[in-house]
Amino acid sequence: MKNDSNRQKKKDGAALAWLPVLALCAMAVAPAPAGAQLARKPSYYQQQNQPQPEGPAAQLVPRPAVPASLPALRSQGDFDTLARVYDAGTPMQLAHVLFAIDRQAKPARMHYIDTPRFQLHVRFLRDTRLTPNTVKREIDRNYLVPDRRFLFGTLSWQQNIGTFTYEFWEGDRLTVPLLREAEAQVKASFFAPVKFKTNSTLHERIAKEAGIDFVSQEALIREQPFLPMNLGTATGRVRIVNDASGLNALLPDDIAVLREVPINLPPVAGVLTERPSTALSHVNLLAKGWGIPNAYVRDAATVLKAHAGQWVALKVAASGYQLRRLTPEEIAALPPRAVRAAATGALPGSKAVKPDLRETRLLPLASLRARHSVQCGSKAANLGAVLAARIPSTTVPDGFCIPFAHYDRFMRSNGLAERIARMQQQPGFAGDPQVRQKALAQLRDEIVQWPVEPATAAAWRAAWQAQLGGGGVFVRSSSNSEDLPGFSGAGLYTTVPNVKTGDALELAVKKVWASVFNPEAWEARSAAGFGAESVLMGVFVQTAIDSTNAGVMITRDPFDAGHPHVTYISAKRGIGIRVVEGKRVAEQVMYSSWSKAIQVLSRSAEETALQLDKDGGVKEVPVEVGRHVLTDELVVRLAAVGAAVKRTFNAVDQDIEWATVGDKIVLLQARPYVERRR
């Protein structure tokens with residue numbers, strides 16, 4: 001019965017169906033800046049939805065008598081009387097009234113429901129004796145079949161766009177006649193202009209076929225002043241960063257206010273960005289790995305200008321963010337930075353995997369399994385397991401692993417340990433990010449110049465020619481310091497695309513090895529509690545594909561762990577290198593295997609795509625602006641593939657890199673989905 005009740009709550013009131021994804025469902029709320037005033041005095045429904053006292057004190061604030069429902073709302077006062085409000089008193093409060101259209105009545109009867117009293121459509125039906133003994137199966141018919149008795153919906157005031165909307169649960173199987181009937185009933189019984197709000201791609205298609213004007217969920221999201229990307233709390237000093245040059249000066253104690261979404265970021269205490277990003281942008285993956293709060297705040301630099309340089313406490317929640325100045329006493333009580341870093345850095349399970357350096361052979365993908373992570377890294381080993389699973393309707397491009405032993409031998413022969421020791425002894429290396437970045441860049445340049453043993457390089461070329469036909473390959477990282485239980489490492493290391501000659505292959509392998517010393521990798525590992533001396537880099541050489549579309553999916557809702565039935569998919573056209581950069585918002589959708597609904601969070605804003613260049617590397621080509629990347633059919637297929645990959649890894653949620661070539665789904669990577677919160 002409890003599960004049935006929870007399911008019913010998700011159906012009752014489409015505006016409330018995806019509350020855990022507040023950032024993506026037109027209901028996220030950022031509190032007003034200090035001193036800001038609300039546009040008007042709180043109405044009755046705002047007051048009634050504030051927390052109320054319990055026990056005897058509750059009798060001091062009785063709610064006036066309100067009818068169970070009204071057949072029409074003829075004024076703002078009528079709406080206020082029946083409305084329930086979320087996040088009252090904030091710039092993005094959401095007031096809503098449930099409604100039920102009884103199609104069996106002659107003529108059809110509208111019920112605008114006393115929403116604070118009933119909160120669920122089914123409760124209204126049973127408590128008012130409209131359907132006193134209806135079983136769950138009969139209630140469900142009102143969402144799924146054309147000949148239903150009731151249409152259950154929600155009418156809301158959308159403050160960000162200044163209009164009322166009505167909507168249905170995202171899984172409601174609306175038809176054109178049903179929507180036209182609802183449109184007529186709502187507009188005939190409501191005092192103000194109102195638009196249909198679509199909550200799924202099905203609803204959008206039906207609205208277009210019915211010729212009904214609508215506002216999409218994606219359009220509402222674009223108007224939001226706040227999007228929580230990673231929830232959490234932090235204490236730090238506010239630093240406003242106007243451009244990429246200012247990133248070098250950031251310190252671990254800083255709460256960075258970024259006017260642009262960077263590709264890389266040194267460890268900080270928290271992040272607020274002035275441009276929207278995605279759940280899988282590099283910055284958000286770093287935030288998740290570090291367990292720090294991260295959110296988009298419209299005009300963040302202006303809103304927070306008064307706090308620049310000040311110590312604050314930041315909280316990012318699903319419903320908004322809070323920023324509070326610390327008192328002098330609180331600042332004085334803060335422990336030294338080193339102590340704070342130690343307290344939040346090391347994670348259980350985040351130590352680099354102890355390598356097996358006995359294996360020196362180049363291992364083909366078909367031979368790799370999870371146990372080979374100690375020789376080749378989890379990225380290569382996991383892909384071997386995916387290939388072995390033979391997931392229907394998918395392919396995995398062939399490749400081979402260059403094991404840790406090759407990296408170890410190369411670095412020892414060139415005195416890496418001594419070189420790292422000297423680097424770390426440089427004045428300012430430990431405390432100055434700019435000094436550290438310069439030293440790391442110099443080390444990477446040196447590594448790329450060091451010679452590889454001729455026999456080793458010849459073995460790489462021979463495997464490339466014999467196994468992969470000497471065609472273009474992607475040379476990918478597969479280290480022992482990523483895909484760990486407490487540390488993802490996503491986006492930290494280098495991938496060299498479309499390598500087409502033997503000399504370029506040798507250089508690409510060294511570039512991947514050198515990426516152990518990418519500044520973002522160095523800083524992320526330091527924050528996670530392990531150093532460069534424990535890191536070894538395997539390399540996965542994989543046949544290049546010229547993908548039609550590419551992206552990443554997560555086999556659960558990245559905004560709420562309580563939604564295991566949801567698959568999040570991010571996509572762009574062409575090769576997927578840029579999907580996680582965050583420079584432009586990718587196409588993002590959520591698919592629920594329970595409601596069978598597809599919700600569009602954003603459509604791709606790309607004007608160009610990457611494709612393989614015949615001379616090696618990639619090239620940028622123009623694409624048709626505004627065309628959808630993901631079709632409904634592809635979304636459902638991807639979600640099914642994601643579920644199969646998850647089963648392959650014992651039901652552990654996965655972060656999966658995918659592509660399409662024509663109508664074929666290609667799997668390129670599978671790693672555990674890692675999330676950490678302070």
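Start by selecting Val-312: across from this residue stands Arg-325 of strand S15. Keep in mind as you click around that this is a predicted model.

Now widen the selection to residues 311-317, which make up strand S14, and residues 320-325, which make up S15. The two run antiparallel and are joined by 6 bridges. To see how the chain gets from S14 to S15, look at the hairpin linking them, which takes 2 residues.

Next stop, a bigger piece of architecture. Pull up the open sheet of 7 strands and trace its order: S17-S29-S28-S22-S23-S24-S25. Pairing in this sheet is mixed. Which strands stand at the edges? Select 394-395 for S17 and 598-602 for S25. Each of these has a single partner strand, so one side of each lacks a neighbour in the sheet.

Stay with S17 and add residues 664-672, strand S29. Here the two strands run parallel, with 2 bridges between them. Zoom in on Thr-395 and you'll find Val-666 of S29 opposite.

Last, colour the chain by confidence. The mean pLDDT is 85, and 85% of the residues reach 70 or more. Then select residues 1-7, where pLDDT is below 50. Leaving aside near neighbours in sequence, that stretch has 2 contacts in the model. Move on to residues 13-60, where pLDDT is also below 50. How many contacts does this stretch have beyond near neighbours in sequence? The model gives it 114.

Definitions and conventions: Residues numbered from 1 in each chain as written. Predicted model: local features only at pLDDT ≥ 70, side-chain atom pairs only at ≥ 80, totals over all residues. Heavy atoms only, no water. Pairing = 2+ DSSP bridges. Helix = DSSP H or I, 4+ residues; strand = E, 2+ residues; numbered from the N terminus. pLDDT = per-residue confidence, 0-100. Contact = heavy atoms within 4.5 Å.
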